[in-house]
Amino acid sequence: MQLRQPDLVLEVSDGRLFHIEFQLTNDKDMPIRMLRCYMQILEHYGKGAEQVVLYVGNLALRMPKGIRKRRLVFEYGLRDIREIDSRKLLESDRPEDMVLSILGKM
């Protein structure tokens with residue numbers, strides 16, 4: 001098992017953490033990777049983060065967006081960069097939407 005660092009962790013103005021993971025391919029193991037990132041962030045910052053995987057690949061997005069096991073439910077946002085309208089995000093009051101707006105289409 002190779003430990004990876006989260007791609008991008010930001011602290012927004014209200015103190016919340018926001019984690020973006022960029023992904024080029026569909027990865028069936030993405031939920032495990034995101035859970036590991038969540039734990040790394042929790043250990044390092046002492047608090048969890050809102051998480052999103054931003055898919056920037058060419059093929060259709062078909063990754064799971066979480067884990068559902070008997071005693072574990074873990075979910076994160078999963079977005080395709082092609083479906084993000086930056087103008088709508090810029091109009092939002094949520095800081096994480098504004099961060100994503102720089103990556104979407106106009």
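A salt bridge here is a side-chain nitrogen of Lys or Arg within 4 Å of a carboxyl oxygen of Asp or Glu. Keep that cut-off at hand for this tour of a predicted model.

**Stop 1: Arg16 and Glu50**

Select Arg16 and Glu50. Their side chains meet in a salt bridge, with 2.3 Å from N to O. This pair links distant parts of the chain: Arg16 sits in the loop between β1 and β2, Glu50 in strand β3, and 34 residues separate them. Arg16 has a relative accessible area of 29%, so it is partly exposed. Glu50 is partly exposed too, at 30%.

**Stop 2: the whole chain**

Zoom out and colour by secondary structure. The protein chain has 3 helices and 6 strands. Starting at the N terminus, the order of elements is β-β-α-β-β-β-β-α-α. The radius of gyration is 14 Å, close to the 13 Å that the globule rule gives for 106 residues, so the chain is as compact as a globular protein of that length. The C-alpha trace spans about 40 × 35 × 25 Å along its principal axes. Of the 106 residues, 36% count as buried.

**Stop 3: strand β3**

Select residues 49-55, which form strand β3. Is this strand largely enclosed or not enclosed by the rest of the structure? Of its 7 residues, 6 are buried, so β3 is largely enclosed. Buried here means under 20% relative accessible area.

Now add residues 17-23, strand β2. β2 and β3 pair in the parallel sense over 7 bridges. For one point of contact, pick Ile20: its bridge partner in β3 is Val52. Then show residues 30-45, helix α1. The chain passes from β2 through α1 to β3, and this β-α-β crossover is right-handed.

Next, bring in strand β6, residues 77-80. β3 pairs with β6 as well, in the parallel sense, over 4 bridges. Look for Leu54, which stands opposite Arg79 in β6.

**Stop 4: a nonpolar patch**

Switch on the surface and select Phe22, Leu24 and Val56. Together they make a nonpolar surface patch of about 250 Å². Val56 lies in the loop between β3 and β4, the latter being residues 66-69. With 32% relative accessibility, Val56 counts as partly exposed.

**Stop 5: the Arg4 network**

The structure holds 9 salt bridges. Return to sticks and select Arg4, Asp7, Glu21 and Arg33, which are linked in a network of salt bridges. Which residues does Arg4 reach? One is Asp7: the closest N and O atoms of the pair are 3.6 Å apart. Arg4 is partly exposed at 37% relative accessibility, and Asp7 is partly exposed at 33%.

Arg4 also forms a salt bridge with Glu21, where the closest N and O atoms are 3.6 Å apart. Arg4 lies in the segment before β1 (8-11) and Glu21 in strand β2, so this pair ties together parts that are 17 residues apart in sequence. Is Glu21 buried or exposed? At 0% relative accessibility, Glu21 counts as buried.

**Last view**

Show Glu21 and Glu50 together. Glu21 is buried, whereas Glu50 is partly exposed. Glu21 belongs to β2 and pairs with Arg4. Glu50 belongs to β3 and pairs with Arg16. Keep both strands in the frame: β2 and β3 are parallel partners.

How values were computed
Residues numbered from 1 in each chain as written. Predicted model: local features only at pLDDT ≥ 70, side-chain atom pairs only at ≥ 80, totals over all residues. Heavy atoms only, no water. Buried < 20%, exposed > 50% of the residue type's maximum accessible area, 1.4 Å probe, protein only. Helix = DSSP H or I, 4+ residues; strand = E, 2+ residues; numbered from the N terminus. Pairing = 2+ DSSP bridges. Right-handed = clockwise from strand over helix to strand, strands pointing away. Patch = residues over 30% accessible without salt bridge, like charges linked within 9 Å, V, L, I, M, F, W, Y side chains within 5 Å. Areas by Shrake-Rupley, 256 points an atom, 1.4 Å probe, with all protein chains shown as cover. Rg over C-alpha atoms; globule rule 2.2 N^0.38 Å.
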